[in-house]
Amino acid sequence: MSTSPCHLTSVFEGQRVFFESGRSRDLTYRHDRLRRLAREFERRSDDALTSLHADLGKPALEAWLAEIHFLQAELKHCLKRLTSWQKPERVRNPFYFWPARSEIRREPFGQVLIASPWNYPLQLTLSPLLSAVAGGNCVILKPSELAPATSAFLADLIASVFEPGHVTLIEGGPRTGARLLELPFQFFFYTGGEKAGRLYAEAGARHLAPVILELGGKCPCLLDHDVDLGRAVERIVAGKFFNAGQTCIAPDFVALPADLHDEFLERAEAEITSSYGRTQSPDLARIINPSHYQRLQKLLPPDALTIGQDDPENLFCAPRLLPNTPWDSPAMQEEIFGPLLPLVPYEDLAKALDHLKALPSPLALYVFSQHRQQSEQIAASLPSGAICFNDVMKPGTNHLLPIGGLGQSGMGRYRGRSGFE
């Protein structure tokens, strides 16, 4: 498809006409399109898995859980609840309004731009899409050019389900994205890095349109002295190395008491070896491209503990544990987004909290402790998009919970009813 400014304007104008016709707002039509999407997505699920493996080397089970099953469950929930979500909400009136009836009604914004990332290219494209369609909007989708096989799959899927005036997928790189931001959408939705996120925020300001930004950041994992170390290691390793660490809500690093450091390191090495072995495991995804692979290599300190061997040609980055990581190390200056786990020992919890408070607010915060009151106090002192006690990743894997960041990790919420609203 052409991505010239004239063509993009033509697509945009076609969607404006479609929206003004009222078809996207018809509740029966919304149900029909979402049911079609559910059927086609299920029918093509094997093709989806193939495309995800081609782009990221995703293991089938990981891809099915995070990208197929998750979306099927969210679609089912949305179809079941959409009619009740759309009903006007009655509110009471002051006595001096009587007789009167007051309602809150949900109306669509109109034309929506959704730009999605490469790390979960199906889930993070279709999840906001189904919310936008459920709300009665028309949508232009811009998937990441870094996951070309999945982008091609999505283009075919969308064309088989939606009329172009309702939903259109535009493939292309940064230049295409910049051209799309010049169009006066009524809503902007972006998932990805902070640098590009600022461009979407600026576009929203120019067009006086609302914006949802899902940006990620360094999600801390904080361990208390009384933690169940075996359970903590098992859950942290499972969450960190899912999709080779290329998850916006993955635990980025572990801050733990200094006297637990060596035992945690030993247990984590054993858990990683048990899960992935010491070869190029088919259960560990690959890094998206050579640029990201080299970026990860530059973050490694000399004493990094490597479990297995790298394969640069196939973009396989072996899992690493980074022992005794100082707060000012290179790995602590940016979101890692890969299979490297720094261990940051602390002697005093209060000082560790001061270091965490100095970091930008993360998309998620993970606290492992047997003391609920102390966990709540820690959570209250560290603003974040979501809190999870004694586990990781759960806030982003429950479609009944809204997901969203704070400050540099993003703004706005979506998923389930929050996405519809």
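**Figure 1. Lysine 142 and its salt bridge with glutamate 145 in the predicted model.** Lysine 142 has a relative accessibility of 7% and counts as buried. The side chain of lysine 142 meets that of glutamate 145 in a salt bridge, with an N to O distance of 3.4 Å. Glutamate 145 is partly exposed, its relative accessible area being 37%. Elsewhere, salt bridges with shared partners link Glu40, Arg43, Arg44 and Asp156 into one network. The whole structure contains 23 salt bridges.

**Figure 2. A salt bridge within helix H1, between arginine 16 and glutamate 20.** The two side chains meet at 3.2 Å, N to O. Arginine 16 and glutamate 20 are 4 residues apart in helix H1, which means a separation of about one helical turn. In an α-helix there are 3.6 residues a turn, so residues three or four places apart point the same way. Arginine 16 is partly exposed, at 31% relative accessibility, and glutamate 20 is exposed, at 54%.

**Figure 3. A salt bridge within helix H2, between aspartate 32 and arginine 36.** The side chains of aspartate 32 and arginine 36 form a salt bridge of 3.5 Å, N to O. Both residues belong to helix H2 and stand 4 residues apart, about one turn of the helix. Aspartate 32 has a relative accessible area of 24% and is partly exposed. Arginine 36 is also partly exposed, with a value of 33%.

**Figure 4. Helix H2 and the elements that cover its buried residues.** Helix H2 runs over residues 27-43, 17 residues in total. From its first C-alpha to its last, H2 reaches 24 Å, close to the 24 Å expected at 1.5 Å a residue. The N-terminal end of H2 is capped by aspartate 26, which has a side-chain oxygen 3.2 Å from the backbone nitrogen of threonine 28. Buried in H2 are Tyr29, Arg30, His31, Arg33, Leu34, Leu37, Glu40 and Phe41. The cover over these buried residues includes helix H1 (5-21), helix H3 (45-56), H4, helix H5 (123-134), helix H6 (148-161) and helix H14 (416-420).

**Figure 5. The largest nonpolar core, with leucine 129.** This core has 94 residues. Leu129, Leu223, Ile236 and Phe264 are the residues with the most contacts inside it. Helix H4 (residues 60-86) supplies the largest share of the core, 9 residues. Apart from this core lies another, of 19 residues, including Val11, Ile170, Ala203 and Leu213. With neighbours within four places in sequence left aside, leucine 129 is in contact with Ile114, Val139, Leu141, Ile158, Phe162 and Val167.

**Figure 6. Lysine 240, a buried residue without a salt bridge.** Lysine 240 belongs to helix H9 (residues 229-240). Aspartate 252 has the nearest side chain of opposite charge, 4.8 Å away; the cut-off for a salt bridge is 4 Å. Backbone oxygens do come within reach of the lysine 240 side chain: that of aspartate 252 lies 3.5 Å from one of its polar atoms, and that of glycine 338 likewise lies 3.5 Å from a polar atom of this side chain. Not counting residues up to four places away in sequence, lysine 240 touches Gly245, Ala250, Pro251, Asp252, Ile336, Gly338, Leu340 and Leu341.

**Figure 7. Serine 409 in the loop between strands S14 and S15.** The loop containing serine 409 connects strand S14 (387-389) to strand S15 (410-411). Serine 409 is buried, with a relative accessibility of 0%. Its side chain reaches the backbone oxygen of proline 362 at 3.4 Å. Serine 409 touches Leu213, Glu214, Leu215, Gly216, Ser361, Pro362 and Leu363, with residues up to four places away in sequence not counted.

**Figure 8. Arginine 372 in helix H13.** Helix H13 spans residues 372-381 and contains arginine 372. Arginine 372 has a relative accessible area of 56% and is exposed; exposed residues are those over 50%. A distance of 8.6 Å separates the C-alpha atoms of arginine 372 and phenylalanine 389, which are 17 residues apart along the chain.

Notes
Residues numbered from 1 in each chain as written. Predicted model: local features only at pLDDT ≥ 70, side-chain atom pairs only at ≥ 80, totals over all residues. Heavy atoms only, no water. Core = buried A, V, L, I, M, F, W, Y, C linked by side-chain atoms within 4.5 Å. Buried < 20%, exposed > 50% of the residue type's maximum accessible area, 1.4 Å probe, protein only. Helix = DSSP H or I, 4+ residues; strand = E, 2+ residues; numbered from the N terminus. Contact = heavy atoms within 4.5 Å. Expected span 1.5 Å × (residues − 1). Polar contact = N/O pair within 3.5 Å; in protein donor to acceptor, adjacent residues only side chain to side chain. Lys, Arg positive; Asp, Glu negative; His and termini not counted.
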